[in-house]
Amino acid sequence: MNENDLIVIANAFDTDGEIFGIEPYGNGHINYTYVAAGEKENYILQKLNTSLFTRPDMLMRNIRLVTDYLKSAVAAADVDEKVLEIVKTKGGEDYLTDDDGVYRMYKFIDDSVCYQQVESANDFYNCAYAFGRFATYLDGFDATELYEVIPNFHNTVDRMRKFEASLGKDVCGRAKDVKKEIAFFLSRREYCSKITSLLESGAMPTRVTHNDTKLNNILFSASTGAPLAIVDLDTVMPGSVCYDFGDSIRFGCNTAAEDEPDVSLVGFSTELFEAYVKGYLAGFDKITPIERENLLWGAILMTYECGMRFLTDYLDGDTYFHTSRAGQNLDRAHTQMRMVELMEENFDKLQNIVKNA
Ligand code: ADP
Ligand code: GN1
Ligand code: MG
């Protein structure tokens, strides 16, 4: 869609003044995100990925419920944090359906920066604290109110099933070239049920979680460096805090980019791990012993699962995650595999960090 058409769409929302410019924004892998420049304020316009989010009405209902709830919680806590704010259409709806797809708009969170890689242990501590506070704020939110936008999103057993189905179909004939990668995931099959079984038995609480806690889903204040807002609420659903903890570790403790082609550059930063553990526990004091004992498993599982998802998408012909070059999903799978190995090698050391924090 060209800029003029997007400007027409943006002007269907109830903005303060007219929108006159639009350009692509951010590094998300799922939706199409644009920054919309207005006469008075800027906005985020997003075209929802409706092949994945098949019920945009229910998805936006979730985000409305959660952002309203968070707004009261943040106001009561009297802290300097911002909550994502939906801008309604001029017709009073939370999203717009056009011939070309479904769009939504948020207020642009000003004076913010978003990182693709952790720059300091202190920033990562702050990020952890913010996600910990997020879990604290949502502690009283009734999970049954939320629609399960992507069923089995972090059900690693189900992710394994999907991986095996793609392997069986091998639509692009790529399986023969990635035998080592396939064996890596199959040989760790017993990991898959580590957390799902605890949730299913009730031994671990099911909570409302973010489910996509990577670093570029949090904005920091450009002037103070403090965490400012958690974004990307598409996957707020019932889950485990081990998933939220783990997904941040997966992305943030990697010394290389998620899609780094040279896997020898992938390292696991123990220093950043420790900073995150401390920040998360400081922000989320309601954590139960079983959750705490399984935080590291959350990190291993989220990394293993994400690697398996990247490999699945590679086998499927790169249809899920946005890619900008050939082989990108395979590179992503490789970095995740290396991160899993590094956590396995350092398991006792990392578990002690969690114990002693
Ligand atoms: P995706 O689901 O595709 O990852 P996101 O909702 O995470 O999409 O948005 C992509 C990027 O846009 C984020 O990583 C962040 O940098 C930026 N972003 C999202 N919402 C806002 C906002 N309200 N204000 C400023 N930047 C935002
Ligand atoms: C996607 O939307 P984004 O880029 O923040 C994906 C996550 C993956 C992540 C890997 C809805 O996150 O699950 O962990 O890519 N989101 C969805 O970078 O599938
Ligand atoms: Mg995102």
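How much space lies in the second largest cavity? About 50 Å³. This is a predicted model, and its hollow spaces are a good place to start.

**Cavities**

A search of the whole structure finds two cavities of 30 Å³ or more. The second largest is lined by Q116, Q117, R250, F251, N254, A256, A257, E258 and Q336. By class, three of these residues are nonpolar, four are polar and two are charged.

The largest cavity has a volume of about 140 Å³. Its lining holds 15 residues, and E81, K82, F134, A229 and I230 lie nearest its centre. The elements that give two or more residues to this lining are α2 (56-77), α3 (121-137) and β10. Of the elements, β10 gives the most, with four residues.

**The largest pocket**

The largest pocket holds about 780 Å³ of space. It is lined by 45 residues; the closest to its centre are G28, N216, N217, V231 and D232. Two or more lining residues come from each of β3 (42-47), β6 (101-107), β7 (112-113), α7 (241-252) and α10 (295-316). The top contributor is α10, with five residues.

The table sets out the three linings by residue class.

| Space | Nonpolar | Polar | Charged |
|---|---|---|---|
| Largest pocket | 20 residues | 14 residues | 11 residues |
| Largest cavity | 13 residues | no residues | two residues |
| Second largest cavity | three residues | four residues | two residues |

**The magnesium ion**

Which protein residues are donors to the magnesium ion (ligand 3)? They are N217, through OD1, and D232, through OD, lying 2.2 Å from the ion. N217 sits in the loop between β8 (207-209) and β9 (218-221), and D232 in the loop between β10 (227-230) and β11 (237-239), so the pair ties together parts that are 15 residues apart in sequence.

Are these two donors buried or exposed? N217 is buried, with a relative accessible area of 5%. D232 is partly exposed, at 24%. Both residues also appear among those closest to the centre of the largest pocket.

**A three-stranded sheet**

Some of these strands belong to an open sheet. Its order is β7-β9-β10, with antiparallel pairing. β7 and β10 stand at the edges with a single partner strand each, so one side of each has no neighbour in the sheet. The β7 and β9 pair is joined over two bridges. Across from S112, the bridge partner in β9 is S221.

The sheet strands also meet the hollow spaces. β7 gives two or more residues to the lining of the largest pocket, and β10 gives four to that of the largest cavity.

Key. Residues are numbered from 1 along each chain as its sequence is written. Chains are lettered from A and ligands numbered from 1 in the order in which they are written. This is a predicted model: local features need pLDDT of at least 70, side-chain atom pairs count only at pLDDT 80 or more; totals for chains, interfaces and linings use all residues. Side-chain values use heavy atoms; hydrogens and water are left out. Donors are N, O and S atoms within 2.8 Å of the metal (3.2 Å for Na, K and Ca); water is not among the atoms, so sites may look incomplete. Buried means under 20% relative accessible area, exposed over 50%, partly exposed in between (1.4 Å probe, protein chains only). On a 1 Å grid over the protein atoms alone, a cavity is a set of points where a 1.4 Å probe fits but cannot get out, and a pocket is an open set with protein on both sides within 12 Å along at least five of seven lines; lining residues have an atom within 4 Å of a point. Grid points are joined across faces, edges and corners, and a volume is the space filled by probe spheres set on the points. Ala, Val, Leu, Ile, Met, Phe, Trp, Tyr, Cys and Pro count as nonpolar, Asp, Glu, Lys and Arg as charged, and the others, Gly among them, as polar. Two strands pair if DSSP finds at least two bridges between them.
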